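Colleague: I should be grateful for a close look at a single part of this structure, set out for a first-year student. Please begin with the whole chain and then turn to one helix.

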Amino acid sequence: RLGKKSEFQVMNTAQIFGALNNNFIDASFDFVKTEDRAKNMLFSKTYIQTNFEAISQKNFNFSNLDDAIKNNLVFGSIHGNIEHIFMKKHYPNAAILEFDDYPMLFQAFKKKIIDSFITYEAVIKTFIEKNNIIFR
């Protein structure tokens, strides 16, 4: 509509904040509105709602997050994303390792550095398909 061609770039959370603050990019997706972020950014209304799901190593079978926390599972999350904020708020005693981006998170899972991670249903389904992993 603006007569401009869209360009998409893959960045980690820290890079996105820097790029937005320095006007290198015009917009970003998948950010949770917080008081601090609202001071420096404009947020649109929610356009898409999706489910979150957990994936875990084969030897960890849990039916809910409370069970996983009680069994000392180590979770991975992308720093600053909605899953990270949710886990920190609702499970402050959970063991959570933070990663800058999905490739780093996926590598940690494959190398069994983390036992589980929570993310969007579509991301997990893609990860499962590409890595032949059992879905929980």
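**A close look at helix 5**

Modeller: Of the 136 residues in the chain, 36% are buried. The model under discussion is a predicted one. Its secondary structure amounts to 6 helices and 4 strands, and from the N terminus on these elements follow the order α-α-β-α-β-α-β-α-β-α. Along the principal axes, the C-alpha trace covers about 50 × 35 × 25 Å. If one takes the contacts in the chain with a separation of 6 or more, 51% of them are between residues 24 or more positions apart.

The outside of the chain may be described briefly. The accessible surface is about 10000 Å², and carbon and sulfur atoms account for 50% of this area. Among the side chains, 17 are positive and 15 are negative, with the centres of the two sets 3 Å apart.

We now come to helix 5, which comprises residues 102-110. Which residues of this helix are buried? They are Y102, L105, F106, A108 and F109. When one looks down the axis of helix 5, these buried residues fall within an arc of 160°, and therefore they line one face of the helix. What covers them includes elements from several parts of the chain. Strand 1 (52-56), strand 2 (74-78), strand 3 (95-99) and strand 4 (116-120) are among the covering elements. Helix 4 (82-90) and helix 6 (121-131) also belong to this cover.

The two ends of helix 5 deserve separate attention. At its start, a side-chain oxygen of D101 comes to within 3.0 Å of the backbone nitrogen of M104. Just after the helix, K112 adopts a positive phi of about 60°.

A residue elsewhere in the chain offers a second example of burial. A68 is part of helix 3, which runs over residues 65-70. Is A68 buried or exposed? Its relative accessible area is 0%, and a residue counts as buried when this value is under 20%, so A68 is buried. Leaving aside residues up to four places away in sequence, A68 touches F62, L73 and F75. One of these, F75, lies within the range of strand 2 (74-78), an element that helps to cover the buried residues of helix 5. A68 can also be placed relative to S116, which stands 48 residues away along the chain; the C-alpha atoms of the two residues are 8.9 Å apart.

Methods. Residues numbered from 1 in each chain as written. Predicted model: local features only at pLDDT ≥ 70, side-chain atom pairs only at ≥ 80, totals over all residues. Heavy atoms only, no water. Buried < 20%, exposed > 50% of the residue type's maximum accessible area, 1.4 Å probe, protein only. Contact = heavy atoms within 4.5 Å. Arc of directions from axis to C-beta. Polar contact = N/O pair within 3.5 Å; in protein donor to acceptor, adjacent residues only side chain to side chain. Areas by Shrake-Rupley, 256 points an atom, 1.4 Å probe, with all protein chains shown as cover. Lys, Arg positive; Asp, Glu negative; His and termini not counted. Charge placed at Lys NZ, Arg CZ, Asp CG, Glu CD.
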